[in-house]
Amino acid sequence: MFSATAAPPENPAVIPTVSISSNETSLTGTCHCGRIEFQLPHKPEYINECLCTACYKYGALWGYFPRKDVEISVKEGATHERYFREDSDGHMSFARCSYCGVATNWQGEGEEHGKPERKMGVNMRLFERGEWEGVERRVVTK
Ligand SMILES: [Zn+2]
C-alpha cells in the first residue's frame with residue numbers, strides 16, 4: 001500500500017477536499033470460480049501482453065506490482081498452485097487456481113527474486129474489463 005502526506009490546511013477547521021485512500025482506487029478480482037481473490041492498491045501503470053513462450057500460451061495480460069502491495073486470499077476448496085518455469089533456474093513461477101485453472105500471476109522465487117519489494121505480474125483478466133479500461137496496453141514480442 002502507499003501512504004500520502006498532505007500539508008496541513010491553512011484553516012484547520014476546513015476539512016481538506018483531497019484525500020487519498022486505498023479504498024477509492026483499489027481493485028478486487030478473482031479467478032473464474034472465485035476461490036482465489038486478488039486485491040490491488042490501484043490500476044497498473046500499464047498492461048503488458050507478453051509474447052514470451054510461456055505468457056503467449058497463458059494468454060494473460062500482466063499488470064506489475066511490488067509483491068508486498070498485492071493481497072491474495074484463497075478460499076476453501078482451492079489451492080494456489082505454482083508451476084516453476086523450467087528455463088528460469090527456479091527463479092520464476094506461474095500460479096493458478098487449482099480448481100478452475102485460471103492463471104493468476106507470475107512471481108519471482110527464492111531468496112533474491114522472492115523479496116517483498118520485487119515486482120510480480122498479476123493477470124489483469126482476473127478483473128472486470130471496466131476496472132482497467134483506458135490503461136495503456138503494450139505488447140512485448142520477445
Ligand atoms: Zn478458481
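## Working through a predicted fold

Asparagine 105 has valine 122 as its bridge partner in β9. Let's build outward from that pair. Before we start, a note on numbering: residues count from 1 along each chain as its sequence is written. Also, this is a predicted model, where local features need pLDDT of at least 70, side-chain atom pairs count only at pLDDT 80 or more, and totals for chains, interfaces and linings use all residues.

**Exercise 1. Find out which elements make up the protein and how confident the prediction is.**

Step 1: Count the elements. There are 4 helices and 10 strands; helices (H or I, at least four residues) and strands (E, at least two) are DSSP runs, numbered from the N terminus.

Step 2: Read them off from the N terminus, and you get α-β-β-β-α-β-β-β-β-β-α-β-α-β.

Step 3: Check the confidence. The pLDDT, which is the predictor's confidence in each residue from 0 to 100, averages 87, and 82% of the residues score at least 70. Over residues 16-22 the value drops below 50, and that stretch has 5 contacts in the model beyond near neighbours in sequence. Two residues are in contact here if their C-beta atoms, placed from the backbone, lie within 7 Å.

**Exercise 2. Work out the strand order of the 7-strand sheet and follow its pairings.**

Step 1: Lay out the order. This open sheet runs β6-β7-β8-β9-β4-β3-β10, with mixed pairing. Its edge strands are β6 (80-84) and β10 (137-140), each pairing on one side only. From one strand to the next, the twist averages 30°; axes are lines fitted to C-alpha atoms, for helices over the stretch in contact, and angles run from 0 to 180 degrees between N-to-C directions.

Step 2: Recall what pairing means. Strands of a sheet pair through backbone hydrogen bonds, either parallel or antiparallel. The rule used here is that two strands pair if DSSP finds at least two bridges between them.

Step 3: Start with β7 and β8. They run antiparallel and are joined by 5 bridges, one partnership being alanine 95 with asparagine 105 in β8. The two strands form a hairpin with 5 residues between them, and glycine 101 in the turn has a positive phi of about 85°.

Step 4: Move on to β9. β8 and β9 are antiparallel too, over 2 bridges, and this is where asparagine 105 meets valine 122.

Step 5: Finish at the β10 edge. Strand β3 (residues 47-50) pairs with β10 in the parallel sense over 4 bridges, with asparagine 48 opposite arginine 138.

**Exercise 3. Describe the other open sheet, the one with 3 strands.**

Step 1: The order is β1-β2-β5, and the pairing is antiparallel. β1 (27-30) and β5 (71-74) are the edges.

Step 2: Look at one pair. β2 and β5 share 4 bridges, and isoleucine 36 has valine 74 as its partner in β5.

Step 3: Add the angle. Neighbouring strands are turned by 15° against each other on average, direction ignored.

**Exercise 4. Which residues have the most contacts inside the largest nonpolar core?**

Step 1: Sort out "buried". A residue is buried if 20 or more other C-beta atoms lie within 10 Å of its own, exposed if 12 or fewer, and partly exposed in between, with C-beta atoms placed from the backbone. Of the 142 residues, 24% count as buried.

Step 2: Define the core. It is a set of buried Ala, Val, Leu, Ile, Met, Phe, Trp, Tyr and Cys residues joined through C-beta atoms within 7 Å.

Step 3: Name the residues. The largest core has 21 residues, and Ile47, Ala60, Leu61, Trp62, Val122, Met124 and Leu126 have the most contacts inside it. β2 (36-40), β7 (92-97), β8 (103-108) and β9 (119-123) each supply at least two residues, and β7 gives the most, with 4.

Step 4: Zoom in on valine 122. Leaving aside neighbours within four places in sequence, its contacts include Phe38, Trp62 and Asn105.

Step 5: Consider β8. It is largely enclosed by the rest of the structure, because 5 of its 6 residues are buried.

**Exercise 5. Is aspartate 89 buried or exposed?**

Step 1: Locate aspartate 89 in the loop between β6 and β7.

Step 2: Count neighbours. Aspartate 89 has 11 C-beta neighbours inside 10 Å, so it counts as exposed.

Step 3: Check the backbone. Most residues other than glycine have a negative phi. Aspartate 89 is not a glycine, yet it has a positive phi of about 55°.
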